[in-house]
Amino acid sequence: MRHRLRDPITGLLFVLPMLVLFVIFRFVPSLGAAGLSVTDYQLGGSWSFVGVTNYARLFDDPIFMGALRVTIVYVAIYVPLTLLVSLGTALLLNSVIFMKGIFRSALFLPYVTSFVFAGVIWRWMYEFDGFINGLLAKIDLGPVGFLDDTALVLPALATVSVWKGFGYSMLILLAGLKSIPSSYLEAARVDGANAWQRFRSIVLPLLRPALFFVIVIETIGAFQAFDVIYVMTGGGPSRASYNLIYALYDQGFGNFNVAYAATIGIVLFVLVFIVSMIQRRLLDRSNT
Amino acid sequence: MTITETKPVKAAPARAAKSRRRSGRQWPFALLLGLVAVLTVSPFLLMLVLALSPKNEPTLPHQWPESLTLDNLVTNLTSSGFLGWTLNSFIYAAVSVVIILLTASMAGYAFAKKRFPGRDALMWAFLATMMVPFQATLIPLFILISDLNGADTFWGLIVPTLANSQAVFLMRQFIRDLPDELFEAAKVDGAPEWRIYLQIVVPLTKPILATLGVFVFLWHWNDFLWPLVATSSEEMRTLTVGLSSLRGEQFPQSMEMAAAAISVVPCLAVFFLLQRYLVNSIAMTGLK
């Protein structure tokens, strides 16, 4: 009986260190972001309540609207591309036995590196005097300014992020593929279904939960792209890769408009929240 | 099945032929997979060639370097600035690993096996903070750290990154599956709580602690945005922030590549030593 009475206290004591960290460094800043967004807070501490002024300003701010557009275009390029590569490699890995472990390691390798590392090497790949233009010159093409062309910069950055990150989604999808009973596929093969039919009617439906998970994780990640942009383009050329997080960073630490920057953070939160809600809806529907 | 049972002599070669046909059909897939794997790994190899190229001598993409040298690597490794950044990254990652493993396993234990008022509400609140992107709290967090005189200090850099709900959730899931009888038996024997934690929880959660440790190490070693914001002096920079600043300082390319190559060594070491933990935990828990 005695230890049962002590239980609530020991339970709380064990949670306490993490709880303190959470309250100070997660809850307070989360509320703080919402609070800042309705003030004109200046670094140094002076502020007054301004209502929705910061939010209204967003819609009149061509730089913010541009950043929103860049973010959405980037997501629209990155997510299908990374899905294609990770699903393709997962399917290949699932159908090959030969040297499978080595292939999987090689494909997963970039995932453990940093975006800064990826940015350093890929900036050289893309340069006028870089590797890809060196290859193009051999067949009398180019040079192409991948990072200097407003139309090419987002696909170029998305490619770097796909290279760095597809190994993660590949592993998730590979686990999903492995959980499909081979007897289903065997039965379909006996019934004369070709590879495409087996993929359409058996693999794809059974892979849906894994695909959903990957799409949501990758979409949320793409909304938050920053490192690779900072290292490779600095938001350029002429703000063609200036996305939401870059705007947040630039407003907060370049222009010191901290309240306005916090407002951009709230927009990011709302976008991520919407994506999560859509995911929950779709998952609920697919489960019933 | 019936055929193999009744006519084993004939069926065995037939099956072998079938599997040979199948593995014969695998060749195009294996070839394609090999091509993708080589493409994925090639940026690493190109970086290595550049890092080993003598300074100011022709190299890729124009021609293969005529000789290779370790000079760039050695110069970086003997530069006090670069070594300082590396040390900072190690401190940032190692301290975070130790404290997160400790606090998250304690909290996970309490959430999994203890009853205390508000437990479920608290767990829910922890999980809810996962919905708030870190970047949305960047500005308030920076203001908070500055007000506490933590800007450009180690504790200001490290402590805000310790509130990690993924870690708590993972530990809770794992500890919940441990049999209750273990804890009850220890209590009946009169073991104090701290001994139950140290002698039952910690030893039994070693595999998941190792996995979590690997991820926390990689998250921090590769982290960029928070160290960029939280540090301002050159001596406090982490390796990622330092690496991103090299381009602006007219740093020779081969030196920059050598620095990047060194920065990725701990990630690759972790990858090759603990690949099994990484790969399995992604497939099983979606840890990212």
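## A walk through a two-chain helical model

Let's start with overall dimensions: chain B has a radius of gyration of 26 Å, whereas a compact globule of 288 residues would come out near 19 Å. Keep in mind as you read on that this is a predicted model. Taken along the principal axes, the box that the C-alpha atoms of chain B fill is roughly 80 × 70 × 35 Å.

What is chain B built from? The chain holds 14 helices and zero strands, so if you trace the sequence you will meet α-α-α-α-α-α-α-α-α-α-α-α-α-α. Of the 288 residues in chain B, 41% are buried. Turning to contacts in chain B between residues at least 6 apart in sequence, 74% of them join residues at least 24 apart.

The next thing to look at is how chain B is divided. Domain 1 takes in residues 2-52 and domain 2 takes in residues 71-285. Between the C-alpha centres of these two domains of chain B there are 38 Å. Where the domains meet, four residues of domain 1 of chain B are in contact with eight residues of domain 2 of chain B. On the domain 1 side of that meeting place, the residues are four nonpolar, no polar and no charged.

Now bring in the partner chain. How many residues does each chain bring to the contact? Chain A supplies 73 residues and chain B supplies 71. Within the side of chain A that touches chain B, helix 1 (residues 2-36) of chain A gives the largest share, with 21 residues. Sorted by class, this side of chain A has 54 nonpolar, 16 polar and three charged residues.

Staying with chain A, we can pick up a database label. An unreviewed UniProt entry carries the annotation "domain: ABC transmembrane type-1" for residues 68-279 of chain A. That span is 75% helix and 0% strand, and its end C-alpha atoms lie 21 Å apart.

Finally, zoom in on a single residue, Phe199(A), which sits in helix 9 (residues 195-206) of chain A. Why does Phe199(A) count as partly exposed? The reason is its neighbour count: 14 other C-beta atoms lie within 10 Å, and a residue would need 20 or more to be buried, or 12 or fewer to be exposed. If you would like a distance to check in your viewer, try Phe199(A) and Leu185(A): they are 14 residues apart along the chain, and their C-alpha atoms are separated by 9.0 Å.

Conventions:
Residues numbered from 1 in each chain as written. Chains lettered and ligands numbered in written order. Predicted model: local features only at pLDDT ≥ 70, side-chain atom pairs only at ≥ 80, totals over all residues. UniProt positions renumbered as here; feature names shortened; annotations may be inferred. Helix = DSSP H or I, 4+ residues; strand = E, 2+ residues; numbered from the N terminus. Contact = placed C-beta atoms within 7 Å. Nonpolar A, V, L, I, M, F, W, Y, C, P; charged D, E, K, R; others polar. Domains from an automatic or database assignment. Rg over C-alpha atoms; globule rule 2.2 N^0.38 Å.
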